[in-house]
Amino acid sequence: MKALLLKETLSKVIYTDVSIASPPEGWSQIELMYSALNHRDVWITRGLYPGIKTPCILGSDGCGLMDGKRVLLNPGVGWGIREEYPSIVYTILGMPTHGTFAQRVNVPDDNIFFAPRHLSDEEVAALPLCGLTAYRALISKCKTTENDKVLISGIGGGVALVAFQFAIALGCQVYVTSGSDDKIETAISMGAKGGVNYTISDWGKELKRISGGVDVLIDGAAGEGFPHLIECCRAGARIAIYGGTAGRINNLKPQILFWKQLTIHGTSMGSDNEFSDMLSFVESHSIHPVVDEVIPLSEGWKGFEKMESGKQFGKIVFDNNA
């Protein structure tokens, strides 16, 4: 079969012929139609991810066919029985096991779900990893309700956009940040109350001014800008950090945390139950994940380059049979 293969870190994925073993007991082989790119895939190619094993087919998200029926895949394998955190054997599809950037993939039977009927094939592929991460951060961890003001940083990324859509569906007032005025304007057209470009001076003060303070903060960047986000939080606010693309957090005054009684949740992916709950939420609210572009799998390296440039608004999806 054809696949995007990462032969070694610090190199590009290559489109080539790859053989995969027959699925073991309790697993099935899925014929894939579409897959979607995540920052996880980019970090692995850079060697910035724990326990990297190569060569490997990357990719955690996929839409495919099983017995002629359209399915999507829960990328988290072996979460375990505790909702609070995953088991020590937990892995994510697409390294160390072969993933979805291929024409076929082996997946545990318990990780296969019927695709929501209202979604296109491309939207189905775009949903799983970002949808699960966003659901756990916004709803399971931060207990967000319609009475909350919500701040989503880095709008345009997959998790940020789905968290934004979930918050809008809940009836929240939502504010966003981005380094692009165009992305902010697009978010406003989708229902955001406002947004601030974090490349301008005093952007934190402007964000606090337009929002009046927020009850929930969903952040996937951390880094030098995080203290400015914290300053926008009201007393008792809940914060979820699901990524660290901007690096270490410096210059954060601890006093603001305990004076305001803030709660910070670290979160990544989610449990099997949360995946099922996320699908139900998407179906009940008729949510459509945002697809930025569909790229032939044979030209998959273009998707990696676009994600590294940060120019996408929504998910970069691969056509696995093109």
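This report covers the nonpolar cores, the aromatic pairs and one sheet of a predicted model.

## Nonpolar cores

The largest nonpolar core holds 53 residues. Ile 152, Ile 155, Phe 166, Val 176 and Ile 218 touch the most other members.

Phe 166 shows how this core draws on other parts of the sequence. Leaving aside neighbours within four places in sequence, Phe 166 is in contact with Gly 131, Ala 134, Tyr 135 and Leu 138, and also with Met 278, Phe 281, Val 282 and Ile 287. Another core lies apart from the largest one. That core has 22 residues, among them Ala 3, Leu 6, Ile 44 and Phe 318.

## Aromatic pairs

The model has nine aromatic pairs. One of them joins Tyr 135 and Phe 281 edge-to-face. The ring centres are 6.2 Å apart, and the planes meet at 70°. This pair links distant parts of the chain. Tyr 135 sits in helix α3 (residues 128-141), and Phe 281 sits in helix α9 (residues 272-284). The two residues are 146 residues apart. Both Tyr 135 and Phe 281 are buried. Both are also contacts of Phe 166.

Phe 258 and Trp 259 form another edge-to-face pair. Here the centres are 5.9 Å apart, with 80° between the planes. Are these two residues buried or exposed? Phe 258 has a relative accessible area of 48%, so Phe 258 counts as partly exposed. Trp 259 counts as exposed because its relative accessibility is 67%, and the cut-off for exposed is over 50%.

Ring pairs also link Phe 101, Phe 304 and Phe 318 into a cluster. Phe 318 belongs to the core of 22 residues as well.

## The parallel sheet

Six strands form an open sheet. Their order is β13-β12-β11-β14-β15-β16, and the pairing is parallel. Which strands stand at the edges? They are β13 (194-197) and β16 (263-266). Each has a single partner strand, so one side of each is left without a neighbour in the sheet. Neighbouring strands are turned by 15° against each other on average, direction ignored.

Strands β14 (residues 214-219) and β15 (residues 233-241) run parallel and are joined by five bridges. Asp 219 stands opposite Ile 241 in β15.

## A helix across the sheet

Helix α6 (residues 203-211) lies across four strands: β11 (149-152), β12 (173-178), β13 and β14. The helix runs at about 175° to β13, which is one of the edge strands.

Terms used
Residues are numbered from 1 along each chain as its sequence is written. This is a predicted model: local features need pLDDT of at least 70, side-chain atom pairs count only at pLDDT 80 or more; totals for chains, interfaces and linings use all residues. Side-chain values use heavy atoms; hydrogens and water are left out. A nonpolar core is a set of buried Ala, Val, Leu, Ile, Met, Phe, Trp, Tyr and Cys residues joined through side-chain atoms within 4.5 Å. Buried means under 20% relative accessible area, exposed over 50%, partly exposed in between (1.4 Å probe, protein chains only). Contact means heavy atoms within 4.5 Å. Rings of Phe, Tyr and Trp (its six-membered ring) pair if their centres lie within 6.5 Å; planes under 30 degrees apart count as stacked, over 60 as edge-to-face and the rest as tilted. Two strands pair if DSSP finds at least two bridges between them. Axes are lines fitted to C-alpha atoms, for helices over the stretch in contact, and angles run from 0 to 180 degrees between N-to-C directions.
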